[in-house]
Amino acid sequence: TVLLLPELAFLTGLSDLHKNTRMLKEVMWEMIQSPQQHYERLTSLLRRIRDSPDACGELERWGLCLDTDIYRTQGHVLPTERINLRHRSFLPAEDLSWHREVTKEVPIAVIPINSWLLVYPKRLQHLAKDLLGAMRSSCGALGMQVGQPMVQELRDDRIETYGRTIQSSLGSQDKVQLLLCIIPGGRDDVYGAIKKLCCVQTPVPSQVINAQSLTGHPGKIRSVVQKVLLQINCKLGGQLWGVDIPL
């Protein structure tokens, strides 16, 4: 048995981080460091240890000595890979991202979405309408065909309501390619229940969208919808991009 003194215990992590966009950006900025920033931080730490009499004394007591620089070795830099889409190829930018290119060009293989189910609670019907509009306006540039969905509007956002409606809808349809659900923000329990239902009990490709990601200016929503369409294409068996793999 481990007994913890409440006065000496405290929570770790940042549970409400998703509610504070500015703090989230600052944390991500600290976590995602460039190699040069990593190097500068390490050498700064080594200098601080060297300049601290207490630290030097402790290392000396252990019979240890730290160099003031990290170990250097000769590295091999691989050439940049060319990314292939259906009609053109390109080299990625220095930050190795190519989101802009894949959202404006046709992927290698596209799966048309003809039979799909859209589920959302009634209070989020305005977001469902915006989502459908953004999907229709974005799918053309990606070469995707998105048909009219079968819509199920829920009276509330309880887990049981989602589960019962999804099972009933999937059971009454011959072949559903995709289930797309909009859930309220911060409802990880609903997300988990939907994924368990669609992966284990009634297997069907599913896409769950947090309502918070569909709020904001039109440019942000369009960017989210483009990424969602690309995810859906992959889940249905499509291919977004490829690289040359020579023999």
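Student: Before we start, what is a nonpolar core?
Tutor: A nonpolar core is a set of buried Ala, Val, Leu, Ile, Met, Phe, Trp, Tyr and Cys residues joined through side-chain atoms within 4.5 Å. Keep in mind that we are looking at a predicted model.

Student: Okay! Which residues touch the most other members in the largest nonpolar core?
Tutor: That core has 37 residues, and W116, L131, L180 and I182 touch the most other members. Two or more residues each come from β3 (116-121), α5 (125-139), β5 (178-183) and α8 (218-235).

Student: Let's pick L131. What is it in contact with, leaving aside its neighbours within four places in sequence?
Tutor: L131 is in contact with L118, L180, I182, I209, L214 and V225.

Student: And what lies apart from that core?
Tutor: Another core of 16 residues, with L117, L154, C181 and I194 among them.

Student: I see β3 in your list. How many of its residues are buried?
Tutor: 6 of its 6 residues are buried, so β3 is mostly covered.

Student: Which way do the residues of β3 point?
Tutor: W116, L118 and Y120 point one way, while L117, V119 and P121 point the other way, and all are buried.

Student: Nice. In what sense does β3 pair with β5?
Tutor: The two pair in the parallel sense over 4 bridges. One place to look is L117, whose bridge partner in β5 is L179.

Student: How many bridges are there between β3 and β4?
Tutor: There are 5 bridges between β3 and strand β4 (residues 150-154), again in the parallel sense. Here V119 stands opposite Q152 in β4. Together, β3, α5 and β4 make a right-handed β-α-β unit.

Student: Q152, got it. What about T165, which helix is that in?
Tutor: T165 is in helix α6 (residues 159-172). Not counting residues up to four places away in sequence, T165 touches Q152 and L154.

Student: Is T165 buried or exposed?
Tutor: T165 is buried, because its relative accessible area is 16% and the cut-off for buried is under 20%.

Student: Where is V176?
Tutor: V176 is in the loop between α6 and β5. With a relative accessible area of 10%, V176 is buried. Leaving out residues up to four places away in sequence, V176 touches S115, W116, L117, M150, L170 and V204. The C-alpha atoms of V176 and V224 are separated by 23 Å, and these residues are 48 residues apart along the chain.

Student: New topic! How many disulfides are there?
Tutor: The count comes to 0 disulfides. Take C198: the nearest cysteine sulfur, that of C181, is 6.3 Å away. A disulfide needs the two sulfur atoms within 2.5 Å, so this pair does not count.

Student: And what is the nearest cysteine sulfur to C234?
Tutor: That of C199, 16 Å away, and C234 is in no disulfide.

Student: How do C198 and C234 compare, buried or exposed?
Tutor: C198 counts as buried at 2% relative accessibility, whereas C234 counts as partly exposed at 40%.

Student: What about α3, why does it lie largely in the open?
Tutor: Of the 10 residues of helix α3 (residues 53-62), the number buried is 1, so the helix lies largely in the open. Just after α3, G63 takes a positive phi of about 75°.

Student: What domains does the assignment give?
Tutor: The domain assignment gives domain 1 (22-70) and domain 2 (102-243). Taken over C-alpha atoms, the centres of domain 1 and domain 2 are separated by 46 Å.

Student: Where is F10?
Tutor: F10 is in the segment before α1 (21-31). At 68% relative accessibility, F10 counts as exposed. The C-alpha atoms of F10 and G147 are separated by 51 Å, with their places 137 residues apart along the chain counted as the separation.

Student: Last one: what is the order of strands in the open sheet of 3 strands?
Tutor: The order is β2-β1-β7, with antiparallel pairing. β2 (89-90) and β7 (242-243) stand at the edges, each with a single partner strand, so one side of each has no neighbour in the sheet. Strand β1 (residues 83-84) is joined to β2 by 2 bridges, and the bridge partner of N84 in β2 is S89.

Key. Residues are numbered from 1 along each chain as its sequence is written. This is a predicted model: local features need pLDDT of at least 70, side-chain atom pairs count only at pLDDT 80 or more; totals for chains, interfaces and linings use all residues. Side-chain values use heavy atoms; hydrogens and water are left out. Buried means under 20% relative accessible area, exposed over 50%, partly exposed in between (1.4 Å probe, protein chains only). Contact means heavy atoms within 4.5 Å. Domain bounds come from an automatic or database domain assignment. Two strands pair if DSSP finds at least two bridges between them. A crossover is right-handed if, with the strands pointing away from the viewer, the path from the first strand over the helix to the second runs clockwise.
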